[in-house]
Amino acid sequence: MSRKFITYFDKEGNDYTDELILAVKDRLELSDQIKHIVIASASGKSALKLADAVGDQVKIINVTHHCGFSGPNESDISNEMIKKLENEGIVTYFGLHAFSGAARGVTNKYGGYSPLDVVADTFRMFSHGIKVAAEISIMAADAGLIPVGEEIIAIGGRGHGVDSAVILTPANAKNLFDLEFHEIIAMPRD
């Protein structure tokens with residue numbers, strides 16, 4: 001048995017990015033088992049803040065939106081930021097969202113929902129950031145950037161900044177229901 005603290009923020013949003021990163025840093029100090037962190041940072045700013053806080057204790061993978069998310073041929077992260085992140089040892093991954101991807105194109109055109117919409121909404125019952133943390137861990141696992149079967153920290157949010165962090169064991173998309181949550185480090189209450 002162990003007792004650990006969960007940080008709860010009043011609401012969702014980027015107002016808590018700095019506090020969330022401190023909570024992750026504190027949690028890392030309690031364990032030498034965690035070797036990887038995945039963070040959702042469309043612009044790369046939160047990933048850079050994370051690297052400044054935790055140094056080279058762990059491998060950080062930044063997951064950004066796929067090209068075309070905000071508009072045709074557009075990337076939400078600049079080449080300059082990608083280079084800054086690379087200089088910090090951070091890999092930036094672009095890829096289809098695990099819980100929507102091409103299925104979103106079908107539902108946008110014809111209506112209805114995908115079974116993955118149900119999965120995503122179930123995670124959103126905790127917080128949007130918890131959903132994002134699960135989603136980016138699957139994306140990074142499918143890209144071979146993090147190991148399956150090893151505990152990692154996954155960090156997500158909604159819009160800008162991050163407000164949720166968990167310790168989980170990632171799974172590949174084809175084994176979605178093998179994904180295991182172990183600890184909530186921080187999340188918004190509302």
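A helix here is a DSSP run of H or I that holds at least four residues, a strand is a run of E that holds at least two, and both kinds are numbered from the N terminus. The exercises below all concern a predicted model.

**Exercise 1. Where in the chain do Lys-131 and Glu-135 lie, and how many residues apart are they?**

Step 1. Begin with the contact itself, in which the side chains of Lys-131 and Glu-135 meet in a salt bridge, with 2.8 Å from N to O. A salt bridge requires the nitrogen and the carboxyl oxygen to be within 4 Å, so this pair meets the cut-off.

Step 2. Next, place the two residues: both belong to helix H6, which covers residues 128-142, and they stand 4 residues apart, about one turn of the helix.

Step 3. An α-helix has 3.6 residues a turn, so residues three or four places apart point the same way.

Step 4. Finally, check the surroundings, where Lys-131 is buried and Glu-135 is buried as well.

**Exercise 2. Which residues are linked with Glu-183 in a network of salt bridges?**

Step 1. A search of the whole structure gives 7 salt bridges. One of them joins the side chains of Lys-4 and Glu-183, at 3.0 Å from N to O. Because Lys-4 lies in the segment before strand S1 (7-9) and Glu-183 in strand S7 (residues 180-188), this pair ties together parts that are 179 residues apart in sequence.

Step 2. Glu-183 also meets the side chain of Arg-27 in a salt bridge, here at 2.9 Å from N to O. This second pair links distant parts of the chain, since Glu-183 is in strand S7 and Arg-27 is in helix H1 (residues 17-29), 156 residues apart.

Step 3. Putting the two pairs together, the network consists of Lys-4, Arg-27 and Glu-183.

Step 4. To decide how each member is placed, recall that buried means under 20% relative accessible area and exposed means over 50%, with partly exposed in between. Glu-183, at 18%, is therefore buried, and Arg-27, at 11%, is buried too, whereas Lys-4 has 40% and so counts as partly exposed.

**Exercise 3. Is H1 oblique to H2 or roughly parallel to it?**

Step 1. Two packed helices are described by the angle between their axes and the distance between the axes. For H1 and helix H2 (residues 45-54), the angle is about 40° and the axes are 10 Å apart.

Step 2. Angles under 35 degrees count as roughly parallel, and the angle found here makes H1 oblique to H2. The crossing in which H1 passes H2 is right-handed.

Step 3. Now list the residues that make the contact: H1 supplies Thr-17, Asp-18, Ile-21, Val-24, Lys-25 and Leu-28, while H2 supplies Ser-46, Lys-49, Leu-50, Ala-53 and Val-54. Sorted by class, the residues of this contact are 6 nonpolar, 2 polar and 3 charged.

Step 4. As a single case from this contact, take Ile-21, which has its place in helix H1 and, with 4% relative accessibility, counts as buried. Apart from its neighbours within four places in sequence, Ile-21 is in contact with Ser-46, Lys-49, Leu-50 and Ala-53. The C-alpha atoms of Ile-21 and Ala-51 are separated by 9.5 Å, although their positions lie 30 residues apart along the chain.

**Exercise 4. How are H2 and H3 oriented to each other, and which residues of the two helices meet?**

Step 1. The axes of H2 and H3 cross at roughly 20° and come within 10 Å, and H2 and H3 are therefore roughly parallel to each other.

Step 2. The handedness comes next, and H2 passes H3 in a left-handed crossing.

Step 3. In the contact, Lys-45, Ala-47 and Leu-48 of H2 meet Met-81, Lys-84 and Leu-85 of H3. By class, this contact contains 4 nonpolar residues, no polar ones and 2 charged ones.

Step 4. To complete the picture of H2, note that its buried residues are Ser-46, Ala-47, Leu-48, Leu-50, Ala-51 and Val-54. Their cover includes H1, strand S2 (36-40), strand S3 (59-64), helix H3 (79-87) and strand S5 (152-156). Just after H2 comes Gly-55, with a positive phi of about 65°.

How values were computed. Residues are numbered from 1 along each chain as its sequence is written. This is a predicted model: local features need pLDDT of at least 70, side-chain atom pairs count only at pLDDT 80 or more; totals for chains, interfaces and linings use all residues. Side-chain values use heavy atoms; hydrogens and water are left out. Buried means under 20% relative accessible area, exposed over 50%, partly exposed in between (1.4 Å probe, protein chains only). Axes are lines fitted to C-alpha atoms, for helices over the stretch in contact, and angles run from 0 to 180 degrees between N-to-C directions. Angles under 35 degrees count as roughly parallel, over 145 as roughly antiparallel, 65 to 115 as roughly perpendicular and the rest as oblique. A crossing is left-handed if the near helix is turned anticlockwise from the far one by less than a right angle, and right-handed if clockwise. Contact means heavy atoms within 4.5 Å. Ala, Val, Leu, Ile, Met, Phe, Trp, Tyr, Cys and Pro count as nonpolar, Asp, Glu, Lys and Arg as charged, and the others, Gly among them, as polar.
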